[in-house]
Amino acid sequence: MYSQGLIGAQTATDEDEAFLERFQARVDADEKIEPTDEMPEGYRRTLIRQIGQHAHSEIVGMLPEGNWITRAPSLRRKAALLAKVQDEGGHGLYLYSAAETLGVSREQMTEELLSGKAKYSSIFNYPTLTWADIGAIGWLVDGAAIMNQIPLCRCSYGPYSRAMIRVCKEESFHQRQGYEIMMTLANGSAEQKEMAQDALNRWWWPSLMMFGPHDSESQHGDQSMKWKIKRFSNDELRQKFVNATVPQAEFIGLSVPDPECKWNEEKQGYDFGPIDWDEFWRVVKGGGPMNKDRIAARRKAHEDGEWVRQAAMAHAAKRKARAAATKIAAE
Amino acid sequence: MTTQTPLWEVFIRPRNGLAHRHCGSLHAADAEMALQAARDVYTRRGEGTSIWVVPSAEITASDPKDKDALFEPTADKIYRHPTFYEIPDEVGHM
């Protein structure tokens with residue numbers, strides 16, 4: 001998820017060499033950078049962008065799954081899905097708070113999401129057509145997110161790293177519940193198994209795209225690695241994900257939709273076929289099947305909630321005034 | 001959109017016997033809503049038995065620029081640590 005946060009990031013800085021070296025030395029010594037520490041503007045901007053996009057992804061990510069809460073096949077599944085979607089909301093909030101420590105306001109980030117200026121993970125622009133998609137999302141999408149997020153627990157920026165530690169602790173339940181759904185379907189009737197395979201077919205490639213462009217195409221990767229905002233390259237993480245996931249699919253009798261996917265003894269990993277980068281860029285830039293719906297849903301939620309926010313603030317102001325008046329009367 | 005909802009810092013006591021510990025922040029219109037939101041955002045898995053919420057604006061923090069003046073002087077006061085004093089082994093644990 002996070003690697004897409006770097007698309008179009010400006011990492012250029014104007015600070016002098018001595019300043020940048022001093023900062024780099026702190027990062028190299030694995031010192032955490034905290035909000036009030038001096039930092040290059042490029043570092044700050046890259047983080048605001050990345051953490052903001054990460055937060056937006058969590059929030060928008062509630063939508064495809066929320067789509068199935070009322071239609072979950074059992075109470076057990078429904079309770080788990082509700083808890084998972086609630087977690088995603090929580091993750092968004094931890095991340096917004098981390099971004100705010102860098103001097104951007106929540107209102108500004110919300111505005112950028114709603115206006116379409118800020119990006120979020122391309123994966124959430126695909127529709128959830130069947131119940132099996134909920135399994136596939138937990139297993140693959142959360143699985144890919146965990147691959148990305150575990151190294152981020154060691155990110156050089158303290159608040160981001162702390163938020164990631166919390167998120168990772170909670171995320172592993174998500175992947176397990178997803179895999180369990182897939183496993184149950186794969187062991188079910190022929191139709192159920194087909195449904196599981198169909199979901200895997202549709203979510204496999206978009207999940208691989210979550211790791212972002214190839215290292216050779218990724219313009220900002222080097223600087224982010226140097227600043228330890230990022231700890232592994234996109235391709236390294238993608239390979240790790242494929243290596244972990246292919247055997248999991250085989251275990252439940254499903255196969256990834258890639259005829260070129262096979263074990264490579266020499267590299268001790270799976271080879272896999274080419275990714276459709278045209279599709280990736282189309283979806284990132286707003287041309288995915290669900291981009292319009294997702295933003296429309298977020299806008300509606302924001303607009304429908306406006307009176308609640310206003311009422312809460314008015315109520316708080318009134319209570320404060322009343323308490324002050326009572327105090328004066330008592331004196 | 002224009003009014004900013006106040007920011008609160010959240011402290012959670014994981015269980016009795018431990019101190020409340022800072023765990024994050026959130027936005028809420030008033031203290032009551034901040035508590036409610038803190039419960040939802042930071043204690044979904046039994047992380048706490050007690051929550052404090054404090055308006056972020058009410059926190060007075062040391063200036064990072066004063067870091068050296070404030071904290072550097074303790075670095076050479078090694079006599080404040082027990083290992084500074086040499087006690088013969090025969091005396092036993094002290």
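**Exercise 1. Determine what secondary structure chain B contains in this predicted model, and in which order its elements run.**

Solution. Counting the elements in the predicted model, one finds that the secondary structure of chain B consists of 2 helices and 3 strands. Reading from the N terminus on, these elements follow one another as β-β-α-β-α. The next step is to set the radius of gyration against the globule rule: chain B has 21 Å, well over the 12 Å that the rule gives for 94 residues, so chain B is more spread out than a compact globule. Its C-alpha atoms fill a box of roughly 70 × 35 × 15 Å along the principal axes.

**Exercise 2. Describe the burial, contacts, surface and charges of chain B.**

Solution. Begin with burial, where 22% of the 94 residues of chain B are buried. Turning to the contacts with a sequence separation of 6 or more, 42% of them in chain B are accounted for by residues 24 or more positions apart. The surface that chain B exposes is about 7,200 Å², and carbon and sulfur atoms supply 55% of it. Finally, chain B carries 10 positive and 14 negative side chains, the centres of the two sets lying 7 Å apart.

**Exercise 3. Carry out the corresponding analysis for chain A, and decide whether its radius of gyration agrees with or departs from that of a compact globule.**

Solution. Chain A holds 13 helices and 2 strands. For 331 residues a compact globule would have a radius of gyration near 20 Å, and because chain A has 22 Å, its value agrees with that expectation. Along the principal axes, the C-alpha trace of chain A spans about 75 × 55 × 35 Å. As for burial, 52% of the 331 residues in chain A are buried, and of the contacts in this chain between residues at least 6 apart in sequence, 80% join residues at least 24 apart. The accessible surface of chain A amounts to about 15,300 Å², with 55% belonging to carbon and sulfur atoms. The charge count gives 42 positive and 47 negative side chains in chain A, and the centres of these two sets are 7 Å apart.

**Exercise 4. Establish how the buried residues of helix α5 of chain A are arranged about the helix axis, and which elements they pack against.**

Solution. First list the buried residues of α5 (residues 106–114) of chain A, which are A:Arg106, A:Glu107, A:Met109, A:Thr110, A:Leu113 and A:Leu114. Seen down the axis of α5(A), these buried residues fall within an arc of 165°, so they line one face of the helix. The general background is that an α-helix has 3.6 residues a turn, so residues three or four places apart point the same way. The next step is to identify the partners: the buried residues of α5(A) pack against α2 (41–60), α4 (75–100) and α12 (291–304) of chain A, together with β2 (21–27) of chain B. Beyond the helix comes A:Gly116, which follows α5(A) and has a positive phi, near 90°.

**Exercise 5. Classify A:Asp142, A:Gln24 and A:Leu47 as buried or exposed, and find their contacts beyond four places in sequence.**

Solution. The cut-off needed here is that buried means under 20% relative accessible area.

- A:Asp142 is found in helix α6 (residues 131–152) of chain A, and with a relative accessible area of 4% it is buried. Leaving aside neighbours within four places, A:Asp142 is in contact with A:Lys84, A:Glu88, A:Ile137, A:Glu171, A:His174 and A:Gln175. A:Arg176, which is 34 residues from A:Asp142 in sequence, lies 9.3 Å from it, C-alpha to C-alpha.
- A:Gln24 has its place in helix α1 (residues 17–28) of chain A, and its relative accessible area of 11% makes it buried. With the same neighbours left aside, A:Gln24 is in contact with A:Lys226 and A:Trp227.
- A:Leu47 lies in helix α2 of chain A and, at 0% relative accessibility, counts as buried. Outside its neighbours within four places, the contacts of A:Leu47 include A:Gly52, A:Leu102, A:Tyr157, A:Tyr160 and A:Ile229.

**Exercise 6. Locate A:Asp30 and A:Gln268, and state what phi each adopts.**

Solution. A:Asp30 sits in the loop between α1 and α2 of chain A, and its phi is near 60°, a positive value in a residue other than glycine. A:Gln268 belongs to the loop between β1 (262–264) and β2 (269–271) of chain A; although it is not a glycine, it has a positive phi of about 55°. As a last step, the relative accessibility of A:Gln268 is 45%, so this residue counts as partly exposed.

Methods
Residues numbered from 1 in each chain as written. Chains lettered and ligands numbered in written order. Heavy atoms only, no water. Helix = DSSP H or I, 4+ residues; strand = E, 2+ residues; numbered from the N terminus. Rg over C-alpha atoms; globule rule 2.2 N^0.38 Å. Buried < 20%, exposed > 50% of the residue type's maximum accessible area, 1.4 Å probe, protein only. Contact = heavy atoms within 4.5 Å. Areas by Shrake-Rupley, 256 points an atom, 1.4 Å probe, with all protein chains shown as cover. Lys, Arg positive; Asp, Glu negative; His and termini not counted. Charge placed at Lys NZ, Arg CZ, Asp CG, Glu CD. Arc of directions from axis to C-beta.
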